[in-house]
Amino acid sequence: MSNRKNQIAFCILFMLIITMPMIFMNIKDGTVSEAEKRVLEKKPLFFDGEGKINREYTSDLEKWINDNVGFRNLMVILNARIQYHCFHVLSNNSDMYLGPKGEFNYATKAILEDYQHFNLYPDKYNEWNAKSLQTISDHVEGSGAQFYYFQCWDKHSVYPEYFPRTVIQYGKYSKTDHLIETIKNKSSVNVISVKDTLIDSKNDHQVYSKWGDPTHWTQRGAYIAYKELMNVLNSNNDNRFRVLEEDAYDIILTDQGSNIFGGIHKIDMLENFVLIDQQADLSNDKLTLYSDDQRHKYYVNENVDNDTRILIIGDSYFDGYIIDDIAESFNETIMLWNEYTRYISDIVEVYQPDIVILEAAERVDISNEIIAGAEIIDNKN
């Protein structure tokens with residue numbers, strides 16, 4: 001009798017195991033998996049938008065079931081954490097890699113090639129790039145403005161010790177190292193490259209995070225880059241511009257650790273810089289050319305003792321970290337994204353800046369945009 005009870009209990013348990021995931025299946029379209037940071041598959045349609053039978057219905061149904069079956073999110077988290085904590089690996093096929101001590105690294109195929117120095121440009125291409133940048137610089141300065149090229153560097157160039165040891169570097173110099181060296185040697189363009197400054201500072205400060213955002217510098221790293229930029233501008237302009245010192249900020253330590261696949265979070269206490277008395281106002285109604293791009297910004301600061309208009313053509317390194325700080329020093333500050341670099345002659349003509357900064361991230365190669373911008377200038381002349 002006891003054996004029969006055990007068999008019945010086993011059958012009930014078995015039925016529960018195989019039916020519970022279906023009972024608790026997610027049926028709401030557009031659900032976001034917090035563990036995976038993506039939208040789950042929608043319910044498949046038997047007929048498409050034109051009323052025809054969906055020939056992929058069975059495969060779509062399978063994808064939907066696999067994505068929305070009950071307790072899947074729990075299993076994803078459990079699997080990810082077991083692999084992370086027990087085997088020191090990530091369980092998905094993302095572009096995140098762990099360093100020797102578990103540091104978070106962002107490494108697409110292009111970044112891996114960049115780190116390994118597998119993507120070096122020929123000398124002639126670097127010289128072409130330098131010549132094109134010289135053309136842009138001459139054009140901007142011919143309009144009465146100063147021109148600067150600002151090179152941002154990615155985490156792997158400043159903290160190679162955080163990168164996975166299984167990835168081997170060949171040679172000492174990267175594609176960007178060669179590019180900056182060529183620009184300095186083959187042109188008179190004003191170059192600001194903060195790589196050495198950040199490397200020198202990392203013994204005293206965390207300039208890129210260990211377990212936070214692996215794609216940008218920390219706020220301390222950004223502040224160091226900001227100071228170097230402002231010091232260069234002041235050295236060429238009789239120290240006309242205000243430079244924010246640390247007492248202009250409320251600096252506190254906050255946990256800025258990233259959440260990665262599987263809901264994995266490692267605490268990373270980093271400095272958070274909050275400007276105490278912001279004077280510059282966002283006045284995007286003053287944008288004219290390319291004003292339809294909502295990423296662009298126009299600041300007005302009536303509290304400075306200069307009438308300087310600075311134009312920055314850059315990306316998220318400036319936009320996400322130091323554009324508000326820069327705006328505290330100038331009467332007008334304009335920020336456009338550097339995918340518009342080829343149109344720099346039109347941009348300068350319309351906005352008539354006093355200072356132009358072209359900023360580029362290491363992982364985002366804008367050499368084609370620079371070359372195209374120079375060709376447009378040459379054609380106009």
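In which helix does E349 lie? E349 lies in helix 12, and this residue offers a convenient point of entry into the structure, which is a predicted model. With a relative accessibility of 57%, E349 counts as exposed, since the threshold for that class is over 50%. Its C-alpha atom is separated by 9.2 Å from that of V140, although the two residues are 209 positions apart along the chain.

The wider setting may be stated briefly. The secondary structure of the protein comprises 13 helices and 15 strands. Of its 381 residues, 47% count as buried. Among the contacts with a separation of 6 or more, 68% are accounted for by residues 24 or more positions apart.

A sheet provides the next element. Seven strands form an open sheet in the order 6-5-15-13-14-12-11, and their pairing is mixed. Strand 6 (190-193) and strand 11 (281-282) stand at the edges; each has a single partner strand, so one side of each is left without a neighbour in the sheet. Strands of a sheet pair through backbone hydrogen bonds, in either a parallel or an antiparallel manner. Strand 12 (residues 297-300) and strand 14 (residues 332-337) run antiparallel and are joined by four bridges. Within this pair, Y299 has T333 of strand 14 as its bridge partner.

Helix 7 (residues 175-186) lies across strand 5 (146-151) and strand 6, and runs at about 155° to strand 5. The 12 residues of helix 7 should span 16 Å at 1.5 Å a residue, and the end C-alpha atoms are indeed 16 Å apart, in agreement with that expectation. Its buried residues are K175, T176, D177, L179, I180, T182 and I183. The cover over these residues includes helix 4 (109-116), helix 5 (123-142), strand 5, strand 6 and helix 8 (195-201).

One residue of helix 7 may be followed in detail. T182 is located in helix 7 and counts as buried at 14% relative accessibility, because the limit for burial is under 20%. A polar atom of the T182 side chain lies 2.8 Å from the backbone oxygen of H178. Leaving aside residues up to four places away in sequence, T182 touches N126, E127, A130 and S187. Of these, N126 and A130 are buried residues of helix 5.

Helix 5 itself has 20 residues, which should span 28 Å at 1.5 Å a residue; the end C-alpha atoms are 28 Å apart, which agrees. Its buried residues include Y125, N129, S132, L133 and V140. The buried residues of helix 5 pack against strand 5, helix 7, helix 12, strand 15 (355-360) and helix 13. Just after helix 5, G144 takes a positive phi of about 100°.

The path now returns to helix 12. Two packed helices are described by the angle between their axes and the distance between the axes. Helix 12 (residues 344-351) and helix 13 (residues 367-380) pack at an angle of about 70°, with their axes 8 Å apart. The two helices are therefore roughly perpendicular to each other. Helix 12 contributes I344, S345, D346 and E349 to the contact, while helix 13 contributes I376, I377 and K380.

Two loop residues merit attention for their backbone geometry. Most residues other than glycine have a negative phi. N239, which is not a glycine, nevertheless has a positive phi of about 55°. N239 sits in the loop between helix 9 (219-235) and strand 7 (249-255), and is exposed, with a relative accessible area of 60%. Y290 likewise has a positive phi, near 60°, in a residue other than glycine. Y290 is placed in the loop between strand 11 and strand 12.

A final stop is Y97, which is found in strand 3 (residues 96-98). Y97 counts as partly exposed, at 34% relative accessibility. Excluding residues up to four places away in sequence, Y97 touches L90, E103, F104, N105, A107, L112 and P164. The C-alpha atoms of Y97 and T108 are separated by 9.6 Å, with the two residues 11 positions apart along the chain.

Conventions
Residues are numbered from 1 along each chain as its sequence is written. This is a predicted model: local features need pLDDT of at least 70, side-chain atom pairs count only at pLDDT 80 or more; totals for chains, interfaces and linings use all residues. Side-chain values use heavy atoms; hydrogens and water are left out. Two strands pair if DSSP finds at least two bridges between them. Contact means heavy atoms within 4.5 Å. Axes are lines fitted to C-alpha atoms, for helices over the stretch in contact, and angles run from 0 to 180 degrees between N-to-C directions. The expected span of a helix is 1.5 Å times one less than its number of residues. Buried means under 20% relative accessible area, exposed over 50%, partly exposed in between (1.4 Å probe, protein chains only). A polar contact is a pair of N or O atoms within 3.5 Å; within protein, one must be able to donate a hydrogen and the other to accept it, and residues adjacent in sequence count only if both atoms are side-chain atoms. Angles under 35 degrees count as roughly parallel, over 145 as roughly antiparallel, 65 to 115 as roughly perpendicular and the rest as oblique.
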